[in-house]
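Thanks for coming. Please have a look at the structure on the screen before I start.

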Amino acid sequence: MAGRTGFQKLVCSPSLFQERNKTMTEHKSGFVAIVGRPNVGKSTLLNRIVGQKIAIMSDKAQTTRNKIQGVYTTDEAQLVFIDTPGIHKPKHRLGDYMVEAAYSALREVDAIMFMISADQKRGPGDNFILERLKNQNVPVYLIINKIDKIHPDELLAIIDDYRQVMEFKEVIPISATEGNNVEHMMETLVDQMPEGPQYFPEDQVTDHPEYFIVSELIREKVLQLTRDEVPHSVAVVTDSMKRDENQKVHIQATIIVERTSQKGIIIGKGGKMLKNVGTQARKDIERLLGDKVFLELWVKVQKDWRDKKTYLQDYGYRNDDY
């Protein structure tokens with residue numbers, strides 16, 4: 001540390017130590033995994049909890065590919081939420097990585113939120129996850145999302161259906177989009193967390209570096225603007241981020257696809273699509289960083305990258321258990 005010449009001796013009076021210790025023991029903290037089928041609203045909920053966008057959102061399944069940690073901090077507690085990739089049947093190495101990332105999150109937490117969508121019937125994917133959750137030794141909460149999309153009378157039938165399969169610590173209906181009952185959900189989780197320390201500074205909302213979030217925000221715009229033409233063949237790597245003397249952030253990033261035809265779609269006629277992606281991503285990145293941004297984008301073809309471990313690691317999909 002700059003300016004530090006040696007160790008400093010810290011002296012505390014007994015009364016100060018006791019007061020500090022009392023404060024620490026009253027503080028609650030813990031890690032919470034959010035699991036569920038693809039596209040049930042996990043990322044939307046995480047963004048609402050932390051108060052800003054750290055997880056990308058799309059109406060396409062399997063948008064989240066990495067475990068994304070969001071940090072919720074108050075004076076009394078700190079909860080670290082892990083938004084996991086939707087659990088599904090893998091079709092390639094990237095799919096294997098995503099499912100293993102979701103399962104590994106279950107081994108690291110104090111509680112699990114199993115999220116379902118109120119407007120979708122319980123299916124094989126839900127049953128598959130439930131079987132895995134039955135073997136967990138931490139509290140499992142059933143979070144019924146999108147209650148704004150059904151009639152209230154339908155809710156009891158959904159709760160009864162899931163309770164026949166598994167006993168939950170609590171069942172909490174919410175709307176992540178509208179915010180309905182989210183405050184009650186947070187109060188319930190905090191109340192039932194163990195005593196523990198504050199793991200992250202109070203102003204930190206995620207454990208991921210800026211490079212990662214920037215890449216994800218660009219990928220989100222590609223997914224949203226190209227619709228079904230470039231579904232999950234796209235990765236984004238942030239190559240460099242530099243601030244100039246005026247605090248403007250210069251970012252260079254590469255969009256990777258699997259086929260030449262996909263490259264043409266992302267660039268668009270006369271470069272229109274790529275410019276649109278860049279413009280929309282830049283606005284989100286400026287909100288994230290709090291500074292003006294100059295964003296340069298390139299598009300690169302890397303055939304079958306989702307099935308090649310070397311490329312997966314190069315593009316940020318690393319898992320010690322995979």
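I will talk about the nonpolar core, then an aromatic ring with a charge over it, then one arginine elsewhere in the sequence.

First, please keep in mind that this is a predicted model.

Let me begin with the core. In general, nonpolar side chains in soluble globular proteins tend to be buried together. Here, the largest nonpolar core is made up of 28 residues. Which residues have the most contacts inside this core? They are Phe-114, Leu-133, Ile-144 and Phe-168. Several elements give two or more residues each: strands S1 (28-36), S3 (77-83), S4 (111-117) and S5 (140-145), together with helices H4 (124-133) and H5 (155-163). The largest share comes from H5, with 4 residues.

Now take Phe-168 from that list. Leaving out residues up to four places away in sequence, Phe-168 touches Phe-114, Leu-130, Val-140, Tyr-141, Leu-142 and Tyr-162.

Tyr-162 has a further partner. Arg-122 lies over the face of Tyr-162, 5.9 Å from the ring centre. On the subject of rings, the structure holds 2 aromatic pairs.

My last stop is Arg-243, which belongs to strand S7, residues 235-243. Is Arg-243 buried or exposed? Its relative accessible area is 40%, so Arg-243 counts as partly exposed. With residues up to four places away in sequence again set aside, Arg-243 touches Glu-210, Lys-248, Val-249, Leu-289 and Asp-291. Of these contacts, consider Asp-291. Arg-243 and Asp-291 are 48 residues apart in sequence, and their C-alpha atoms are 9.3 Å apart in space.

That is what I had to show.

Conventions
Residues numbered from 1 in each chain as written. Predicted model: local features only at pLDDT ≥ 70, side-chain atom pairs only at ≥ 80, totals over all residues. Heavy atoms only, no water. Core = buried A, V, L, I, M, F, W, Y, C linked by side-chain atoms within 4.5 Å. Buried < 20%, exposed > 50% of the residue type's maximum accessible area, 1.4 Å probe, protein only. Contact = heavy atoms within 4.5 Å. Phe/Tyr/Trp six-rings, centres within 6.5 Å; stacked < 30°, edge-to-face > 60°. Lys NZ or Arg CZ within 6 Å of the ring centre and 35° of its normal.
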